[in-house]
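Me: I have a model open on my screen and would like to talk through the terms used for it. Could you take them with me one by one?

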4 protein chains.
Amino acid sequence: MKRMKVGVIGATGMVGQNYLRLLKNHPWFDVKYVAASPRSAGKRYEEAVAGRWLMAEPIPEQIRGLVVEDANAVGSAKGKCDLVFSAVELEKDAIRKLEEAYAAAGIPVVSNNSAHRSTPDVPMIIPEVNPGHIELIDTQREKRGWGKGLIAVKPNCSIQSYVTPMFALIEAGYKIEAVIVSTMQAVSGAGYPGPASMKMIDNVVPYIGGEEEKSEQEPLRILGKLKNGRIILEKTIKIAAHCNRVAVIDGHMACVSLKFKGAKPSLDEVKKLWINFAGEPQKLNLPTAPKEAIIYREEPDRPQPRMDRDAWGAMAVSVGRLRECPVFDLRFVGLSHNTVRGAAGGAILSAELLKAKGYL
Amino acid sequence: MKRMKVGVIGATGMVGQNYLRLLKNHPWFDVKYVAASPRSAGKRYEEAVAGRWLMAEPIPEQIRGLVVEDANAVGSAKGKCDLVFSAVELEKDAIRKLEEAYAAAGIPVVSNNSAHRSTPDVPMIIPEVNPGHIELIDTQREKRGWGKGLIAVKPNCSIQSYVTPMFALIEAGYKIEAVIVSTMQAVSGAGYPGPASMKMIDNVVPYIGGEEEKSEQEPLRILGKLKNGRIILEKTIKIAAHCNRVAVIDGHMACVSLKFKGAKPSLDEVKKLWINFAGEPQKLNLPTAPKEAIIYREEPDRPQPRMDRDAWGAMAVSVGRLRECPVFDLRFVGLSHNTVRGAAGGAILSAELLKAKGYL
Amino acid sequence: MKRMKVGVIGATGMVGQNYLRLLKNHPWFDVKYVAASPRSAGKRYEEAVAGRWLMAEPIPEQIRGLVVEDANAVGSAKGKCDLVFSAVELEKDAIRKLEEAYAAAGIPVVSNNSAHRSTPDVPMIIPEVNPGHIELIDTQREKRGWGKGLIAVKPNCSIQSYVTPMFALIEAGYKIEAVIVSTMQAVSGAGYPGPASMKMIDNVVPYIGGEEEKSEQEPLRILGKLKNGRIILEKTIKIAAHCNRVAVIDGHMACVSLKFKGAKPSLDEVKKLWINFAGEPQKLNLPTAPKEAIIYREEPDRPQPRMDRDAWGAMAVSVGRLRECPVFDLRFVGLSHNTVRGAAGGAILSAELLKAKGYL
Amino acid sequence: MKRMKVGVIGATGMVGQNYLRLLKNHPWFDVKYVAASPRSAGKRYEEAVAGRWLMAEPIPEQIRGLVVEDANAVGSAKGKCDLVFSAVELEKDAIRKLEEAYAAAGIPVVSNNSAHRSTPDVPMIIPEVNPGHIELIDTQREKRGWGKGLIAVKPNCSIQSYVTPMFALIEAGYKIEAVIVSTMQAVSGAGYPGPASMKMIDNVVPYIGGEEEKSEQEPLRILGKLKNGRIILEKTIKIAAHCNRVAVIDGHMACVSLKFKGAKPSLDEVKKLWINFAGEPQKLNLPTAPKEAIIYREEPDRPQPRMDRDAWGAMAVSVGRLRECPVFDLRFVGLSHNTVRGAAGGAILSAELLKAKGYL
């Protein structure tokens, strides 16, 4: 198969770098276009990120010499790529407009940003959970008059560790009524530079601006139903989140308590549902799909960020410590890699799904 | 006032060292007796802890030269001290027997250990919360035939950050029905050496053996009522705890969600109750009592372990982030210093209460 | 004694906050004036630092309500204070000019900044090492026509851990020919926010811009002689420094190798010289002087930042691991608290020296 | 090529686990034998390490079910493997005897232990530096009457970061006279559990028992000459080492100052020598050999442990910050991965060299 030419906009920032790292040797996508702010435009990529390349691996060979384009000059992308991953760091309004400009120019956009997460005709996707929501793109294209262009987004990095495990139970017919979740989130989740080391050494910061709201509301959209070209929020579930920042490089962990309405699964059944869970990405065998979407760790003290975040290319969700709850029904610990599964990797998987379903 | 002669058994371990550090210059208690395992017995204290003194401050002057006694030779304590703080590290059975031997010999014991926490006639005390439970000592003495001897214990270090704030509301007449709490606990809570640095750098361990059970059950005893020489557990409250170990030296933090039965206080009222809360230690102006038992932090990102653990001599509980809960009624973050408030400092405060109430 | 009215310029930054924390209850100095950038001017101090107060202790009571002045409006300081501590964060030129404006207005300036460290008529002082350099102020005042005004500075925070121990040997008549030093420096040394936590967790950064130069050159000025109104650099000593940033909150540590010219002291003699070392601050019993200027730790693994940085109010230098060197003559490990001894505390001690010597 | 059957003795400890992890899919070596203490003997490997598997990757599939043998029952290894990697954790005497027993039984031993590092007829090898020392095995076999058996060892993990860079210069004809090195070593270097997290959070420990001696003396043997069946130590070089433990998981870093005797290379020449350096492993293209033995990082603040330790399968040495030294001639920073390059990986590379040279 001939690889598709793709681009990364906001390619010099930390998320952009992650895209480039993860797309190195991708079997379907070939990075031919990198764009950033006018300040970087015109430089070779290597120069543009000199002193700011944050990945442990070196800059991929084929990227070093690419000339960085001005992300605002949407025209320059035409012909160079047939899809862009968006990691631009701007005001929300500016992000929305820029992403729409690419889509309007016929270039599909898969975005990491929160800007379009509540736009009614933009699907927010976890490919294992709500692959069907991509059909919202039909409405989007029709309404906006975009031919091949489209916008799809991924949700916040904090929710991957509990939404997929919850969905595996919902899919089996169980009804979740209430969720109380307390997260311990990695510093990379804040982008670079993120929290000062003076804040994080020998400390925990029990607050991340805007994170609790996203952690409570985004799952309701993802678990919602697509009807008549609209997403109906899943309002029967109530979620409360405490979000904390801890001294961990990568990997968001969540302590989750679940209450069911009606029948509740036994612990054994829950484990079985998790272990056997396979979503569209697994069924379609997408290149970036983890072989196991959910890994259950039997050890009493797992998952742990440093030990489990990299499972299946950092794309799997690891869960453990499933047990009865004296207040709700059951509880567990979930973990997912925030800058891969929860950011660039999740977006790439979404793009693969779009490709497999004929939207690209 | 002439100071009372006191001893520390298990004086060479980390908790024992904390007692000695905190009792330096105590206005009521004068350490005249230090005891440990037979291995240390006969050595000067300074020698006995050579290479194992873990406090940042040096060994208190008056302790350096004390000859360490064999903690098992209870007789040797007689005449040397009129109270011992117990920090012995043995099997639970052995601890129970040893503490009883001191009490039987007429020497009151205030203990850090969990061994006697569920012994029916032993009070487990947070002086601000259940000072009245010390009357259980009357029963204890009578039943056991101990003259001046007694045993009192303090609860687990994980619960201080939420039990006092809960009690301030209960005292005002509110009924709490359910609590879901997720803790992020300091490594010093595990004693020395505690978790390996390989486990804690760039990591979180979502499990502490036995800690969740203690965190769920001990509050019910402390919030219980003393009736006819017995503690009636507070069974109307249900508590569920997730306990995590984080890379913090000192200070246990808790994310707490509360559900009330019947009337629920407004956020403003809760704050007022916390700010104005004063327990027996504050009313009696005990030497180790924090001036404010509960400190409310208005900043959006506080309390934090490194910033708040040392408030009022590390004896205050700091709370913050009080807000409505989409699932329960309200939620907040609490913090207390685990090796001071939650261990040696809490036990010293209990001894001060016993003294003030005429039990010593 | 009536306390002197003092001010802090750059009062809202981290160093400024440290001054305010350390000057609380100072027996000689009473903070009556706080100044910062025009952005903060006019606000109550408490408001001006809302969300930016970085100290674990709360803002001192008497400072909360002070109105922040514009640091550039030098006139407004007149009458309000008779000394300012400078912690302004500006371009070097601007700092130099501002500090000179205060001095010209008759207000002595003791500064933390590096801007004036190589100005020929400005003394750079470690009070235990080169108290005599303050006589350079006579030249300064005469030359500049400043009546009561003056400028004195403190050296870089990285050098305290080895210059005082070196001086104790030099003072005894030993000649040091060469020094190779490798530092491991705390993140607070970079000010706030300083290094990102992504850089420091599970990592060491072997580079601090400009630090090696300062660490190599400033000691030569401090160890120099004042002659005819000029400092003659101590050029017979060669120093080479490797400076590293490590995941430590406070406390700069140095591994030091020394080579002597001519007679070299025995290890025992070195220890004796260190233990018995007393400088002017100790002899004059200045309020902020550590009782022991140098503490020798006999344990094989000390000093350590977390255990030793706070010795004698964080003003002592702790040394240990003195041993023969297979390449040079001897080697040791030194430690000092960078934001106290190496910054605000060192400057306050210098001001005390100036006061005791009649310069204020 | 048919793979050789190999074993790991001490297979359940941390170094043993690293061997198993690194040997997974090795093209030449196939693990067929795992041995440990009698306590583990008879269990399936998976059971034997339950709760003690410390690698982030899972236990290799083909190892899980292997029955752990008693390492002392040397006979049981015969036929099962034709080479063992030794990672046993015993007293030095016991290690020496056990390794000799395997060799006497005709099974070559490549060891991680320090026990045999100064045994005159045992080569201590860094394959890039002293591959010729393996000829000492001829003497060894002859003297000991071992047929196919042999013992070869790898040096201490602390020296890899500076010995190879030094050797690249020596090989080019430069004479090094003196070295002062200060290391910042990862906690994994101490094995498991290693330093307590209470020692490492917000701290540095400036002492590692025995490490400075090894860091000073082992290089002299490795850089020595093999003459008449003996290693002549390289006594013209003097090395002094300060060894520190820092809060880093993996990766030992060293700040190195070098003094030459006679001609000294320019900085450019040094860089060139490093970049172009290739040892036997590179020339022979051994499976575990890093493509570049030495990587020079041009960034001002590299190498860094977290960013550079994994270069070329964690087998490369990364250097940077090459600059003139005001005291010696030049200085630089070196880094190597202590549990791979400095332990199991280094030993595997040595075994590959032995194989390529016909000793296996």
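**The sheet**

Reply: Happy to! This is a predicted model, and a good place to start is the open sheet of six strands in chain A, with the order β10-β7-β11-β14-β13-β12 and mixed pairing.

Me: What makes β10 and β12 of chain A the edge strands?

Reply: Each of them, β10 (238-245) and β12 (294-297) of chain A, pairs on one side only. Neighbouring strands of this sheet are turned by 25° against each other on average, direction ignored.

Me: How do you know that β11 and β14 of chain A pair?

Reply: Pairing asks for at least two bridges between two strands. Strand β11 (residues 252-261) and strand β14 (residues 330-336) of chain A are joined by seven bridges and run antiparallel, so they count as a pair by that cut-off. As an example you can find on screen, L258(A) has L330(A) in β14(A) as its bridge partner.

**The chain**

Me: Why does the radius of gyration of chain A agree with a compact globule?

Reply: For 360 residues, a compact globule would have a value near 21 Å, and chain A has 20 Å, so the two agree. The C-alpha trace of chain A spans about 60 × 50 × 35 Å along its principal axes. Its secondary structure comes to 13 helices and 14 strands.

Me: What makes a residue of chain A count as buried, and how many do?

Reply: A buried residue has 20 or more other C-beta atoms within 10 Å of its own. In chain A, 58% of the 360 residues count as buried. As for contacts in chain A with a separation of 6 or more, 76% are between residues 24 or more positions apart.

**The two copies**

Me: Why is the relation of chains A and B that of a two-fold axis?

Reply: Chain B is superposed on chain A by a rotation of 180° with 0.0 Å of shift along the axis, at an RMSD of 0.0 Å. That is the relation of a two-fold axis. The same surface serves both copies, as 100% of the contact residues of chain B recur in chain A.

Me: Which residues make up the contact?

Reply: Chain B and chain A give 35 residues each. On the side of chain B that touches chain A, the elements giving two or more residues include β7 (175-185) and α11 (305-308) of chain B, while β10(B) gives the most, with five residues. By kind, that side divides into 22 nonpolar, six polar and seven charged residues.

Technical notes: Residues are numbered from 1 along each chain as its sequence is written. Chains are lettered from A and ligands numbered from 1 in the order in which they are written. This is a predicted model: local features need pLDDT of at least 70, side-chain atom pairs count only at pLDDT 80 or more; totals for chains, interfaces and linings use all residues. Copies are superposed by least squares on the C-alpha atoms of residues with pLDDT of at least 70 in both. Two residues are in contact if their C-beta atoms, placed from the backbone, lie within 7 Å. Helices (H or I, at least four residues) and strands (E, at least two) are DSSP runs, numbered from the N terminus. The radius of gyration is taken over C-alpha atoms; the globule rule is 2.2 Å times the number of residues to the power 0.38. A residue is buried if 20 or more other C-beta atoms lie within 10 Å of its own, exposed if 12 or fewer, and partly exposed in between; C-beta atoms are placed from the backbone. Axes are lines fitted to C-alpha atoms, for helices over the stretch in contact, and angles run from 0 to 180 degrees between N-to-C directions. Ala, Val, Leu, Ile, Met, Phe, Trp, Tyr, Cys and Pro count as nonpolar, Asp, Glu, Lys and Arg as charged, and the others, Gly among them, as polar.
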